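Got your viewer open? Load the model, switch to cartoon view, and keep the selection box handy.

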Amino acid sequence: QSGKLSGFHVDLAREICRELNVLERCQIEALPHKDLMAALSKGSGDVVAAGLRVTPTLRQQASLSRPFMQLPARFVTTVGQRELEGPATLTKPGDVGVVAGTAHEAMLAAFFPGIKPKTFPKREDLLAALKKGDIKAAFGDGLQFAFWLESSGASGCCRFLGAPYYSRAILGDGLTLVTRKDAPLIAQAMDAALLALSRNGRLNQIYLRYFPHGL
């Protein structure tokens, strides 16, 4: 409504600039996602903050900061399932649902080999089955679940079950800032600022501003 850019990455960028004492010179430009890396390579900007997926190709093209957000996998269940306290109580085949062919299906098998899940073709089907009571819990992306729990589609039906689960091998490196390889001082500055924001609690404050359930 103010006509100014807003959002998680915008607030993070401003906090980094404030930490580095360059806030007055800090400019944030919105670009189409497909144009971000071209703009960085041309020197139109110094840092890309856009949740780019970390791939071997991206590592060859650019420098990456320390991760500032790891995206966990989580269980969700209905609020009526009060007897469930964690994955150990999901013992029957089909108690847990997961989207077929996803990293989360692979992670469920690796972390919880005793769980025999029911698979679904799409996340929408998975969540519909959870609301109907066809499954006791769903396993998937914690960030997407957090948004869904707050949505009108969930209608207050459900809650997180147990702790978040992380795996770099399966879920990737998380979200990082991207800089040019020929600008090592900028890369070092990003790491220093992110570490400071993590230690002083300001990074967590930004998380909770946009993800009230936390990650």
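Before the first stop, a word on axes: they are lines fitted to C-alpha atoms, for helices over the stretch in contact, and angles run from 0 to 180 degrees between N-to-C directions. Helices (H or I, at least four residues) and strands (E, at least two) are DSSP runs, numbered from the N terminus. This is a predicted model, where local features need pLDDT of at least 70 and side-chain atom pairs count only at pLDDT 80 or more, while totals for chains, interfaces and linings use all residues. Residues are numbered from 1 along each chain as its sequence is written, and side-chain values use heavy atoms, with hydrogens and water left out.

**Stop one: two helices**

Select residues 8–19, helix α1, and residues 184–200, helix α8: they pack at an angle of about 100 degrees, with axes 9 Å apart. That makes α1 roughly perpendicular to α8 (the label covers 65 to 115 degrees; under 35 is roughly parallel, over 145 roughly antiparallel, and the rest oblique). Now show side chains. On α1, the contact uses Leu12, Glu15, Ile16 and Glu19; on α8, pick Met190, Ala193, Leu194, Ala196, Leu197 and Asn200. Contact here means heavy atoms within 4.5 Å. Colour the patch by class and you get seven nonpolar, one polar and two charged residues. For that colouring, Ala, Val, Leu, Ile, Met, Phe, Trp, Tyr, Cys and Pro are nonpolar, Asp, Glu, Lys and Arg are charged, and the others, Gly among them, are polar.

**Stop two: the sheet under α8**

Keep α8 on screen and add β1, β2 and β8: the helix lies across these strands, at about 155 degrees to β8. What is the strand order in this open sheet of three strands? Trace β1-β8-β2, with antiparallel pairing. At the edges are β1 (47–48) and β2 (62–64), each with a single partner strand, so one side of each has no neighbour in the sheet. Strands count as paired if DSSP finds at least two bridges between them. Zoom in on β1 and β8 (residues 178–180), which are joined by two bridges; Val47 sits opposite Thr179 of β8.

**Stop three: a covered strand**

Next, select residues 73–78, strand β3. Is it mostly covered or mostly open? It is mostly covered: six of its six residues are buried, meaning under 20% relative accessible area (exposed is over 50%, partly exposed in between; 1.4 Å probe, protein chains only). In a regular strand the side chains alternate between the two faces of the sheet. On β3, Ala73, Phe75 and Thr77 point to one side and Arg74, Val76 and Thr78 to the other, all of them buried.

Bring in residues 137–141, β6, which pairs with β3 in the antiparallel sense over five bridges; there, Val76 has Ala138 as its bridge partner. Then add β7 (residues 158–165), also antiparallel to β3 over five bridges. Its Cys158 is the bridge partner of Thr78.

**Stop four: the disulfides**

Stay on Cys158, which is buried at 11% relative accessibility. A disulfide (a pair of cysteine sulfur atoms within 2.5 Å) joins it to Cys157, S to S 2.4 Å. The torsion about that S-S bond is about -95 degrees, so the link is left-handed.

Finally, go to Cys17 and Cys26, joined at S to S 2.0 Å. With 45 degrees about the S-S bond, this link is right-handed. Cys17 is buried at 10%, whereas Cys26 is partly exposed at 23%.
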